[in-house]
Amino acid sequence: MKQVLLITDGACKGNPGKGGWACILRFGEFKRELYGCSARTTNNRMELAAVIEGLKKLKEECSVEIVTDSEYVKSGMSSWIAGWKRNGWKTASKKPVVNQDLWMLLDKLVNSHKVTWTWTKGHASHEDNNRCDELASLAASEQIASEPGSNQRIYDLVA
């Protein structure tokens, strides 16, 4: 099974505001940088988008280490999601899970791979995380994407 490293970050100019996500995929010597944007979104949606978009690029089952500076994403997938699913996508306080659409999509993608989660401190010494931060901030500010047509409106807030 191929071993892939997926490094992710999200950014938002205002919260909600203009958002950007970025990820780096590493497989052996191969490195691919991806980034995209949403016109009106939140930081948490962009953090989730970064992981989703990276996983979407994998064409076969892989062993994936996901490196994120988002405790929200790591905790959501490592601790909270099992309870949400048991409770019909409700929190422990019986409220609907925020960003349920993205959590459900991420859960589906993660279940196609053997995934481990690694948290890294943001804006610190992780070179790839710092690069993702730079790209996500650029995507948010400039509303640009690495691939034509990949300004992912799915990540915009639903009013």
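Is G28 buried or exposed? At 64% relative accessibility, G28 counts as exposed, because the cut-off for that class is over 50%. This glycine sits in the loop between β2 (17-27) and β3 (30-41). G28 and L58 are 30 residues apart in sequence, and their C-alpha atoms lie 14 Å apart in space. Like every value below, these come from a predicted model.

With G28 placed, the overall architecture can be described. The protein chain contains 4 helices and 5 strands, and reading along the sequence gives the order β-β-β-α-β-α-α-β-α. For 159 residues, a compact globule would be expected to have a radius of gyration near 15 Å, and the protein chain agrees with this at 15 Å. Its C-alpha trace spans about 45 × 40 × 30 Å along the principal axes. Of the contacts between residues at least 6 apart in sequence, 70% join residues at least 24 apart.

The surface and the interior can be set side by side. Buried residues account for 47% of the 159 residues in the protein chain. The accessible surface comes to about 8,100 Å², and carbon and sulfur atoms contribute 50% of it. As for charge, the protein chain carries 22 positive and 19 negative charges, whose mean positions are 8 Å apart.

Attention now turns to individual loop residues, beginning with H113. This histidine is found in the loop between α3 (100-110) and β5 (114-119). With a relative accessible area of 11%, H113 is buried, since the cut-off for burial is under 20%. Its side chain reaches the backbone nitrogen of C62 at 3.1 Å. C62 also appears in the wider set of contacts made by H113: once neighbours within four places in sequence are left aside, the partners are L55, L58, E60, E61, C62 and V64. L58, one of these partners, is the residue whose C-alpha lies 14 Å from that of G28.

S70 offers another case of a buried loop residue. It is located in the loop between β4 (62-68) and α2 (71-86), and its relative accessible area is 5%, so S70 falls under the 20% cut-off and is buried. Leaving aside neighbours within four places in sequence, S70 is in contact with E47 and W119.

Backbone geometry draws the eye to a few further loop positions. The peptide bond from N15 to P16 is cis, with omega near 15 degrees. P16 itself belongs to the loop between β1 (2-14) and β2. Further along, the loop between α2 and α3 includes W89 and K94. W89 is a residue other than glycine with a positive phi, near 60 degrees. K94 also has a positive phi in a residue other than glycine, near 70 degrees. Their accessibilities place them in separate classes: W89 counts as buried at 11%, whereas K94 counts as exposed at 59%.

Taken together, the loop residues examined here cover both classes. H113, S70 and W89 are buried, while G28 and K94 are exposed. For a reader following along in the structure, H113 makes a convenient starting point: from its loop ahead of β5, its side chain can be traced to the backbone nitrogen of C62, and its remaining contacts include L55 and V64.

Note on methods:
Residues are numbered from 1 along each chain as its sequence is written. This is a predicted model: local features need pLDDT of at least 70, side-chain atom pairs count only at pLDDT 80 or more; totals for chains, interfaces and linings use all residues. Side-chain values use heavy atoms; hydrogens and water are left out. Helices (H or I, at least four residues) and strands (E, at least two) are DSSP runs, numbered from the N terminus. Buried means under 20% relative accessible area, exposed over 50%, partly exposed in between (1.4 Å probe, protein chains only). A polar contact is a pair of N or O atoms within 3.5 Å; within protein, one must be able to donate a hydrogen and the other to accept it, and residues adjacent in sequence count only if both atoms are side-chain atoms. Contact means heavy atoms within 4.5 Å. The radius of gyration is taken over C-alpha atoms; the globule rule is 2.2 Å times the number of residues to the power 0.38. Accessible areas come from the Shrake-Rupley method with a 1.4 Å probe; for residues, only the protein chains shown count as cover. Lys and Arg count as positive and Asp and Glu as negative; His and the chain ends are not counted. The place of a charge is taken as NZ of Lys, CZ of Arg, CG of Asp or CD of Glu.
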